[in-house]
Amino acid sequence: MTPNTQSSSNSNPAPLVRAKQLGATLLSERGEASGAFVARELHQMLRLLDASDRHRFQRYLASEFQPDKAALRTAAERYLADTTGGAAAALAQAADPPRQELLRRMNMAPGGTGALIAMRSELTAHLHDEPELKLLDADLRHLFASWFNRGFLELRRIDWQSSAAVLEKLIAYEAVHEIKGWDDLRRRLAPDRRCFAFFHPALPGEPLIFVEVALVQGLATAMPPLLALEPDEEAARAQAAGADTAIFYSISNCQDGLRGISFGNFLIKQVVEELQAEFPQLKRFSTLSPVPGFRRWLMQRLADGSDPDAALLPELERDGWWHDLAQSEKLRAPLLRLCARYLTRRPSIRIDPVARFHLGNGARLERVNWLGNNAPRGIQESFGIMVNYLYDHDSIEINHEAFVRDGTIVRSPEVDTLLEIEPMRGARTKAAERR
C-alpha cells in the first residue's frame, strides 16, 4: 500500500515534506526512467535535510510502508488451508513490505547505494531507544546482503602506486593497528607486506574491507616486529623471498552501514590463493589477532573476590606492570591460562568476536602470545595478549563444520597444555564455572 503523505498548499513545501511526497511518488511510479528521475530528486532533497529531519524521514520509512494487513491475512489463511509452493510464494509476497521496494527504487539514482549505506550507518545511534527503526535496518541489511554478495565484489591489491584517495582511506579506516602517517603506511605496503581489499562497482574508490599481511619466517607472536621500519626495499624483498609464513595481522571493515554483511571469510580465502600463486614457498597462513573481550570478561570474573584467581586483581590494576619484567613474568602464566580458558569456552556463552570470526571460518586456535601488543589499546583490551589462528588448507572445512555443528573449538596441543595447568578450583560454584 502507498501511505498518505502530508499535503501542502505551498508550491515549495519544506524539504522534509517534499522528501516524503517524493518517497510516495517513487513507489507509485511504473516506468523505470521516470522512477530513476524521481529517485534522483529524492536524494537531492534528502541532502538538504539536517540530521534531525533525516531522522524523521527514517522514522517515516520505518512506520508507514508496511504490508497490507488484509492482503497478508488472506494470504496466510490460504497457506494454512493449502500448503502448496504457490500459496507459500503468495504469502511471502504479501509479507514483503513496500518499504523494500521503495529502497530498491531509491537505489536507482546515481550514488543511491552510498546514500542508503550512510542512512543505515545513521540508524545505529537510534536502534536501542527506537526499536521500530529496526524494521528499516533489517530491510536495508536484507537488500545489502544481495547487492554485496561475493559475485559483485572485486579483489584488488593496494600498493604504494595505488591512488592517493585510496591510500588516505586506508589510514582513515584502519581499525586494529593505527597507521601513524605516510611513513607507517609505506612500511605496510613494502615488498614483504601485502594489502588486499574488496571493492564494489557501486562504490568506486571506496574499499569495503581490507586485510594487511606480513610475509615472515616462522609464526609471528608480537606486533612490534611487524610494524618496525625495514632499512630498505632490498631487505624487504629478501624477507619476502625467504618467507615461509603469511601473517594476517589486521582486518578492517570500512563501511559502518554494511555491518553484519560478511566479507572477511571470502577475503581471507581469496587472499590465501593470491599469496600461494605469488609465493609458492609459503607453508603457513596464520593471523596475529587481538582478543578484544578478554580483559572485560576477566575483570568481571575476578570482581566479586570468590574466584581462586581473585588475588590477581590488585596486580592487574597496577599501572604499568607490563613494563616491569619481574612483575609481568609473575602474571604471565596465570593470564595465559585464563585467556586460553576464555577462548575455549562453549560458543553458546558469548564468545570473543574475533575468535568467533576465525573459528567460524575454519581456523585452528594455534597459540596464545604473551604481551604481543603492549600498545595502549592492546593493554586495555587483553592485557597485551594476542592470538594466532592458523588456516590449514586441509582442515579448514572440517574445523568449520565442527564449530558450526556443535561448537567444537579446534586447538593446538600448545593451547591444550595451557588448559591442563589450570589449578584446583576448590568449591567454585557451577554458576561461576559458566561465566
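Which residue follows α17, and is its phi positive or negative? Gly362 follows α17, and its phi is positive, near 100°. The views below come from a predicted model, in which local features need pLDDT of at least 70, side-chain atom pairs count only at pLDDT 80 or more, and totals for chains, interfaces and linings use all residues. Residues are numbered from 1 along each chain as its sequence is written, and side-chain values use heavy atoms, with hydrogens and water left out.

**View 1. Helix α17 and its N-terminal cap.** α17 covers residues 353-360. Helices (H or I, at least four residues) and strands (E, at least two) are DSSP runs, numbered from the N terminus. Asp352 caps the N-terminal end: a side-chain oxygen lies 3.2 Å from the backbone nitrogen of Val354. Val354, Ala355, His358, Leu359 and Gly360 are buried. Buried means under 20% relative accessible area, exposed over 50%, partly exposed in between (1.4 Å probe, protein chains only).

**View 2. Phe144 and Phe148, an edge-to-face pair.** The structure holds 13 aromatic pairs. Rings of Phe, Tyr and Trp (its six-membered ring) pair if their centres lie within 6.5 Å; planes under 30 degrees apart count as stacked, over 60 as edge-to-face and the rest as tilted. Here the centres are 6.0 Å apart and the planes meet at 85°. Phe144 is buried at 0% relative accessibility. Phe148 is buried too, at 1%.

**View 3. Trp297 against Tyr342.** The ring centres lie 5.1 Å apart with the planes at 40°, so this pair is tilted. Trp297 sits in α14 (residues 294-302) and Tyr342 in α16 (residues 325-343), so the pair ties together parts that are 45 residues apart in sequence. Trp297 is buried at 8% relative accessibility, and Tyr342 is buried at 4%. Both belong to a cluster of linked ring pairs, with Phe294, Trp321, Trp322, Trp370 and Phe383.

**View 4. Arg156 over the face of Phe199.** Arg156 lies 3.9 Å from the ring centre. A charge sits over a ring if NZ of Lys or CZ of Arg is within 6 Å of the ring centre and within 35 degrees of the ring normal.

**View 5. A salt bridge within helix α6.** A salt bridge is a side-chain nitrogen of Lys or Arg within 4 Å of a carboxyl oxygen of Asp or Glu. By this rule the count is 27. Glu101 and Arg104 meet at 3.2 Å, N to O. They are 3 residues apart in α6 (residues 98-106), about one helical turn. Glu101 is partly exposed at 29%, as is Arg104 at 30%.

**View 6. Salt bridges between distant parts of the chain.** Asp137 bridges to Arg120, with the closest N and O atoms 2.9 Å apart. Asp137 is in α8 (residues 134-147) and Arg120 in α7 (residues 112-123), 17 residues apart. Both are buried. Arg194 bridges to Glu278, with the closest N and O atoms at 2.6 Å. Arg194 lies in strand β2 (residues 193-199), Glu278 in α13 (residues 264-278), 84 residues apart. Arg194 is buried at 5%, whereas Glu278 is partly exposed at 38%.

**View 7. A salt-bridge network.** Glu174, Asp184, Arg188 and Glu212 are linked by salt bridges.

**View 8. Model confidence along the chain.** pLDDT is the predictor's confidence in each residue, from 0 to 100. The chain averages 92, and 94% of the residues score at least 70. pLDDT stays under 50 over residues 4-9 and over residues 424-435. Where pLDDT is low, the predicted coordinates should not be read in detail.

Key
Polar contact = N/O pair within 3.5 Å; in protein donor to acceptor, adjacent residues only side chain to side chain. Contact = heavy atoms within 4.5 Å.
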